Amino acid sequence: MQKQEDDGDSGLRHLMKAAQEGDRASYNRLLRQLVPMVRNAVRVQRSFLGQADIEDIVQDVLLSVHAVRATYSPERPFAPWLAAIVRNRVADSGRRYVRSKSAEQAAVGFYETFSPDETNTTNEDGSVDADALRHAIASLPAGQRRAVELVKLREMSLKEAAHESGMSVASLKVSVHRAIKALRTRLKKRE
Amino acid sequence: MMETTDDLIRNLVASDKGIGRLPSPWRRVSLWLAVALPYVALIVIGMGVRANLDELSSTRFLIEQTATLLTALCAAFAAFCAVIPGVSRRLLLLPLLPLTVWLGSLGQGCLQDWLRYGAAGLTIEPDWHCAPRIVIVGAIPAIAMFVMLRKGAPLAPRLTMALGALAAAALGNFALRLFHPPDASLMVLVWHFGGVALLSALAGAVGRYLHHWPRAPRRA
């Protein structure tokens, strides 16, 4: 086991030595071998992170390895050199996360409200009287009901709704207008 | 647009033209001294070595100066170690030893002054010229140190920059004592040692801005 690790380290050491001397093929092999190692190390240290965040840190580590590859001496083992960079970049990403969070403010939901009674369709417990509305829509004439379903419930544009229903845009507009008027009257009567 | 890890590797490999390895920390200390010492020597010669040679050869002065010079050397060594990934962090404590001797020697000087002259031996007078002089004498050593440290890894940028500044300021203080008129130990402690500590602390405070890692573009 120890021998395998030594062989692996020795391989990386030789690749880095060759990369420092300008051998691009060795450098390419080295970086590609480092990716799964770094990814695993980051995953172990930050198991709660998502794949995208882990990949960000892996890329930071690769950039750092590239930036400071002159500091590596082939006389020393490769693993501690890499581990120090990974540890540092993982800690750095944690600090960056805390900084970015401290600069953010929790958004408070300021809901749009209007005081007139007719705009307040919710019950006191916060629920909409959905049954009453469903019954009122069901009692509309077929054309008006179809217009409300397409334009208001399925939120289609007039053009799309006209295409879907085979009605003209003008008659759709009239149908929706009449349907809303009828619904308002029926729901008011119910109160 | 965020690039994939594959793209990043391709770009890094394409931009690689080989790179010279950094020499060992002790060798880098020698290189730093090769730049810093001639400048410091020129300043000392230009300002004129102070006349009272008796004081220059006193044991306490020699201990203080040796400790100051060793602080500069050890701080430079520790700073160069701090930018190499995987090097033992314990080496960064090395300057504490000569620093303690330097501080202890100044403390003992203060005690002697107090025993000899009473309260009069412990008066502090304003000497605002000391810190700027340390800055002037330490300027080139500090610039050389900064350039050399930036070639390393910013593993602990605050500590690294503080150690680098300590090295340059201690060397500046070593030179300053050779042409600056003699002072009571408390004055040296407050203005000289205090100046060195202040410069190191300032460099440490801005260390993160002076030396940082490259960053991959973030995902939106």
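Of the 191 residues in chain A, buried residues make up 25%, a value computed from a model that is predicted. Chain A has eight helices and zero strands, and chain B meets it through 26 residues that are in contact with 34 residues of chain A.

**Chain A**
- Read from the N terminus on, the elements of chain A follow the order α-α-α-α-α-α-α-α, in keeping with its eight helices and zero strands.
- Among the contacts in chain A with a separation of 6 or more, 54% are accounted for by residues that stand 24 or more positions apart.

**Where chain B touches chain A**
- While 34 residues of chain A take part in the contact, chain B contributes 26 residues, and by class the side of chain B that touches chain A has 14 nonpolar, five polar and seven charged residues.

**Helix α2 of chain A against helix α1 of chain B**
- Helix α2 of chain A, which covers residues 24-45, packs against helix α1 of chain B, residues 5-15, at an angle of about 150°, and the two axes are 9 Å apart.
- Because angles over 145 degrees count as roughly antiparallel, α2(A) and α1(B) are described as roughly antiparallel to each other.
- The crossing of α2(A) and α1(B) is right-handed, and on the side of α2(A) the contact is made by Arg24(A), Tyr27(A), Asn28(A), Leu31(A), Arg32(A) and Val35(A), which meet Thr5(B), Ile9(B), Leu12(B) and Val13(B) of α1(B).
- Sorted by class, this contact of α2(A) with α1(B) has six nonpolar, two polar and two charged residues.

Technical notes. Residues numbered from 1 in each chain as written. Chains lettered and ligands numbered in written order. Predicted model: local features only at pLDDT ≥ 70, side-chain atom pairs only at ≥ 80, totals over all residues. Contact = placed C-beta atoms within 7 Å. Nonpolar A, V, L, I, M, F, W, Y, C, P; charged D, E, K, R; others polar. Axes fitted to C-alpha atoms, helices over the stretch in contact; angles between N-to-C directions. Helix = DSSP H or I, 4+ residues; strand = E, 2+ residues; numbered from the N terminus. Parallel < 35°, antiparallel > 145°, perpendicular 65-115°, else oblique. Left-handed = near helix turned anticlockwise from the far one by under 90°. Buried ≥ 20, exposed ≤ 12 C-beta atoms within 10 Å, placed from the backbone.
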